[in-house]
Amino acid sequence: MLNADSPKPRIVRRRLDGVLLLDKPVGLSSTQAMAAAKRLFRAEKAGHTGTLDPFATGLLPVCFGEAAKFSRFLLDAEKSYRATLKLGEVSRTGDTEGEIIARRDVAVAPAEIDAALRKFVGPQLQTPPMHSALKQNGVPLYKLARQGLEVPREPRQITIFSLSLIAINEPELIIDTRVSKGTYIRVLAENIGETLGCGAHLTALRRTATGGFDIAQSVSIETLTGMTELEREQCLLPAQSLCMHLAKINLHIEDAHIFCNGGWIAAPSAAATETAPFAVYADDGRFLGVGEVVLNELTHGKARLVPMRLMATGINAS
């Protein structure tokens, strides 16, 4: 029996491949939530796709082992959120983590809110906030902001695909939105507040979908803690699930051998004019990795499919 002075048992890590759809709780950073899942699964290697702020909750895909190779392809995927905005108050950070720096009266009708939301649907430029992890000269912007500094930021091209009003609980609004990569919901909340003339900041944020995954598929850390190791493993999705939003290419066995060993092959005619990444499979259904089509002087003007990321468990050379 261990006493208070006994060393804690050493966790024996293991090779584990797969994707966990984690429901991140409030109060933990994405890295802390990922680390908690990594400990529960005793995984050697883990990463996550798409950071959520500590005050935010919701869908956080955690990638173990081979799946971590393909996390980048989910970062570019569309994401959906349910957000709660508090009207009449502007915070320094655009959310609940910053002090309130302005208060204004709130007198807006539902029709005004609907009209304001419609203005933000579609492609647009959005300026990243100072309280963000973007870097200038190697220094995260949030560190500069904590020093009271503000520096110019280049606006980014984003798209808000949908934006709908769910409820009005004055002075709060609840909205659902589906957005492109790089969209800051905090900035959207601030911009909606300014359009309404009363200001606003984000008081709650929940990611409900990303890259074809839905929050209904996720599992909480609390639930995982109460499971056996076998039950936890049954929660994992295969690595290729991270690429299900990509176009698919099937290769014959000969081409699959070449591709899995880093070789270039002739691009299938259906993909010869595409430049986006492809999820690549063998004819027998095995997931091989992700490739892209190139057409340049190195390929002598012919469209070639080249590997971007490969599964270590793909088809080996004969």
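Is Thr 49 buried or exposed? Thr 49 is buried, with 2% relative accessible area. Please keep in mind as you read that this is a predicted model. Here are some points to help you find your way around.

1. **The chain as a whole.** Welcome to a chain of 318 residues, 45% of which count as buried. Eight helices and 19 strands make up its secondary structure. If you turn the C-alpha trace along its principal axes, you will find that it spans about 75 × 70 × 40 Å. The accessible surface amounts to about 16,400 Å², with 51% of that belonging to carbon and sulfur atoms.

2. **Contacts along the sequence.** Take the contacts between residues at least 6 apart in sequence: 69% of them join residues at least 24 apart. The next points give some individual cases to look at.

3. **Around Thr 49.** Now back to the opening residue. Thr 49 sits in the loop between strand E2 (46-48) and E3. Leaving aside residues up to four places away in sequence, Thr 49 touches Leu 60, Pro 61, Cys 63, Ser 71, Leu 74, Leu 75 and Arg 207. One of these, Cys 63, is itself buried, at a relative accessible area of 0%.

4. **Two cysteines without a bond.** Cys 63 also belongs to the next topic. A disulfide is a covalent bond between the sulfur atoms of two cysteines. How many disulfides does a search of the whole structure find? The search finds zero. For Cys 63, the nearest cysteine sulfur is that of Cys 243, 9.6 Å away. Seen from the other side, the closest cysteine sulfur to Cys 243 is in Cys 63, and 9.6 Å is too far for a bond, given that a disulfide needs sulfur atoms within 2.5 Å. Cys 243 counts as buried too, at 2% relative accessibility.

5. **Aromatic pairs.** The model has three aromatic pairs. In one of them, the ring centres of Phe 41 and Phe 64 are 5.0 Å apart and the planes meet at 40°, so this pair is tilted; a tilted pair is one whose angle is neither under 30 degrees nor over 60. The two partners come from distant parts of the chain, 23 residues apart: Phe 41 belongs to helix H1 (residues 30-41) and Phe 64 to strand E3 (residues 57-64). Phe 41 is buried at 0% relative accessibility, and Phe 64 is buried with a relative accessible area of 0%.

6. **A ring cluster with a lysine.** Do look at Phe 70, Tyr 281 and Phe 287 as a group, since ring pairs link them into a cluster. Tyr 281 has a further neighbour: Lys 248 lies over its face, at 4.5 Å from the ring centre.

7. **Helix H5.** This helix makes a nice worked example. H5 (residues 185-196) has twelve residues, which at 1.5 Å a residue should span 16 Å, and the end C-alpha atoms are indeed 16 Å apart, so the two values agree. Its buried residues are Ile 185, Arg 186, Val 187, Leu 188, Ala 189, Ile 192, Gly 193 and Leu 196. Which elements cover them? Among them are helix H3 (110-119) and the strands E4 (79-87), E7 (122-126), E10 (156-169), E11 (172-179) and E12 (200-210). Just after H5 comes Gly 197, with a positive phi of about 85°.

Definitions and conventions. Residues numbered from 1 in each chain as written. Predicted model: local features only at pLDDT ≥ 70, side-chain atom pairs only at ≥ 80, totals over all residues. Heavy atoms only, no water. Phe/Tyr/Trp six-rings, centres within 6.5 Å; stacked < 30°, edge-to-face > 60°. Helix = DSSP H or I, 4+ residues; strand = E, 2+ residues; numbered from the N terminus. Buried < 20%, exposed > 50% of the residue type's maximum accessible area, 1.4 Å probe, protein only. Lys NZ or Arg CZ within 6 Å of the ring centre and 35° of its normal. Contact = heavy atoms within 4.5 Å. Areas by Shrake-Rupley, 256 points an atom, 1.4 Å probe, with all protein chains shown as cover. Expected span 1.5 Å × (residues − 1).
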